[in-house]
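Please open the structure in a viewer and keep the selection tool at hand. The stops below are meant to be followed in order.

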Amino acid sequence: MDAGLVAAALEEARFDARQSSRYEDLADDLRGPAELAEWERIAALLAAAPAGMVYDPDVDDVVQAELAADAAAAATREAELREAVRIAARANHLQVLRDLGTLDQAEPAEGDEAVRDELTRRAGGYVQADVDAWLAHALAAHRGHYRGPAARDAAADLLTLPVLAHAALLGELLRLVPDVGADELAFAARLAATEPEATDALAALLTRARPEAP
């Protein structure tokens with residue numbers, strides 16, 4: 001666009017702004033003022049440029065930055081949508097295993113903390129005791145995704161205190177009695193659910209009681 005076309009577009013934007021200001025229902029419309037400000041910016045660019053210079057949005061840093069920001073936002077939205085679909089599919093899979101009574105055989109995977117939140121949301125916000133127990137046992141035994149220390153560290157910010165306290169107590173009990181049966185450890189879940197802080201303190205005390213390596 002040359003200076004003449006830009007000037008005409010600027011004048012039209014100013015006219016529209018004056019018209020909009022006369023109507024109360026258009027007073028809060030942000031699109032008109034934004035368009036006017038943009039045409040004023042472009043006109044100022046050409047006014048400062050050498051005579052005969054034309055406006056090219058392909059070399060306008062502001063426009064290109066906005067396009068890049070829009071592309072990044074679109075990519076973020078797409079990634080969030082893919083993640084939401086993945087979480088929903090994983091939640092459906094775990095729900096099937098729960099219905100079959102085989103949830104405890106499932107290997108935890110990356111992102112299962114968010115899946116736990118989705119299952120809780122589907123239950124109207126009620127704690128899903130079997131899912132929490134499954135995650136706690138997996139975390140204590142370093143199963144599946146939790147084999148990696150980074151995943152275990154990340155879980156500390158993604159899981160609730162009762163789940164983390166349950167896992168910590170289980171880990172210490174399994175260390176003390178490696179061949180203990182799962183049914184013998186059921187009390188740990190009840191303790192963590194009712195007294196998570198006390199359960200966490202007990203696990204910390206058992207950790208301190210470990211014999212020092214020779």
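Which backbone oxygen does the side chain of Q128 reach? Select Q128 together with Y126: the backbone oxygen of Y126 is the one reached by the Q128 side chain, at 3.0 Å. Please bear in mind throughout that this is a predicted model.

**First stop: Q128 and its surroundings**

Remain at Q128, which belongs to the loop between helix 4 and helix 5, the latter covering residues 129-141. The relative accessibility of Q128 is 13%, and because buried means under 20%, Q128 counts as buried. Now add R98, L119, T120 and A123 to the selection; Q128 touches these four, when residues up to four places away in sequence are not counted.

**Second stop: R98**

From Q128, move on to R98, a residue of helix 3. Is R98 buried or exposed? With a relative accessible area of 18%, R98 is buried. Display the side chains of R98 and Q95, and a polar contact of 3.1 Å will be found joining them. Leaving out residues up to four places away in sequence, R98 touches L103, L119, Q128, D130 and V131. For a distance along the chain and through space, select D132 as well: R98 and D132 are 34 residues apart in sequence, and their C-alpha atoms are 12 Å apart.

**Third stop: helix 3 against helix 4**

Next, select residues 61-100, which form helix 3, and residues 112-122, which form helix 4. The two helices pack at an angle of about 70°, and their axes are 9 Å apart. Helix 3 is therefore roughly perpendicular to helix 4. To view the contact itself, colour I87, A88, R90, A91, N92, L94, Q95 and R98 on helix 3, and D112, A114, V115, E118, L119 and R122 on helix 4. The residues of this contact comprise seven nonpolar, two polar and five charged.

While helix 4 is displayed, pick out D117, which is found in this helix. D117 is partly exposed, at 39% relative accessibility. A polar contact of 3.3 Å links the side chain of D117 to that of R116. D157 lies 40 residues from D117 along the chain, and the C-alpha atoms of the two are separated by 13 Å.

**Fourth stop: the nonpolar cores**

In soluble globular proteins, nonpolar side chains tend to be buried together. Which residues touch the most other members of the largest nonpolar core? Select L94, W134, L135, Y146 and L159: of the 29 residues in this core, these touch the most other members. At least two residues of the core are supplied by each of helix 3, helix 4, helix 5, helix 6 (149-158), helix 7 (161-176) and helix 9 (196-208). Helix 5 gives the largest share, seven residues. Another core lies apart from this one; it has five residues, among them V6, I42, L46 and V63.

Return to Y146 and display its neighbours. Leaving aside those within four places in sequence, Y146 is in contact with P108, E113, L135, A138, L139, A151, R152, A155 and L159.

**Fifth stop: H142**

Select H142, in the loop between helix 5 and helix 6. Most residues other than glycine have a negative phi. The phi of H142, by contrast, is positive, near 60°. H142 counts as partly exposed, at 38% relative accessibility.

**Last stop: F187**

Finally, select F187 in helix 8, which spans residues 186-194. How large is the relative accessible area of F187? The value is 32%, so F187 is partly exposed. Add H166 to the selection: F187 and H166 are 21 residues apart along the chain, and 9.8 Å separates their C-alpha atoms.

Methods: Residues are numbered from 1 along each chain as its sequence is written. This is a predicted model: local features need pLDDT of at least 70, side-chain atom pairs count only at pLDDT 80 or more; totals for chains, interfaces and linings use all residues. Side-chain values use heavy atoms; hydrogens and water are left out. Axes are lines fitted to C-alpha atoms, for helices over the stretch in contact, and angles run from 0 to 180 degrees between N-to-C directions. Helices (H or I, at least four residues) and strands (E, at least two) are DSSP runs, numbered from the N terminus. Angles under 35 degrees count as roughly parallel, over 145 as roughly antiparallel, 65 to 115 as roughly perpendicular and the rest as oblique. Contact means heavy atoms within 4.5 Å. Ala, Val, Leu, Ile, Met, Phe, Trp, Tyr, Cys and Pro count as nonpolar, Asp, Glu, Lys and Arg as charged, and the others, Gly among them, as polar. Buried means under 20% relative accessible area, exposed over 50%, partly exposed in between (1.4 Å probe, protein chains only). A polar contact is a pair of N or O atoms within 3.5 Å; within protein, one must be able to donate a hydrogen and the other to accept it, and residues adjacent in sequence count only if both atoms are side-chain atoms. A nonpolar core is a set of buried Ala, Val, Leu, Ile, Met, Phe, Trp, Tyr and Cys residues joined through side-chain atoms within 4.5 Å.
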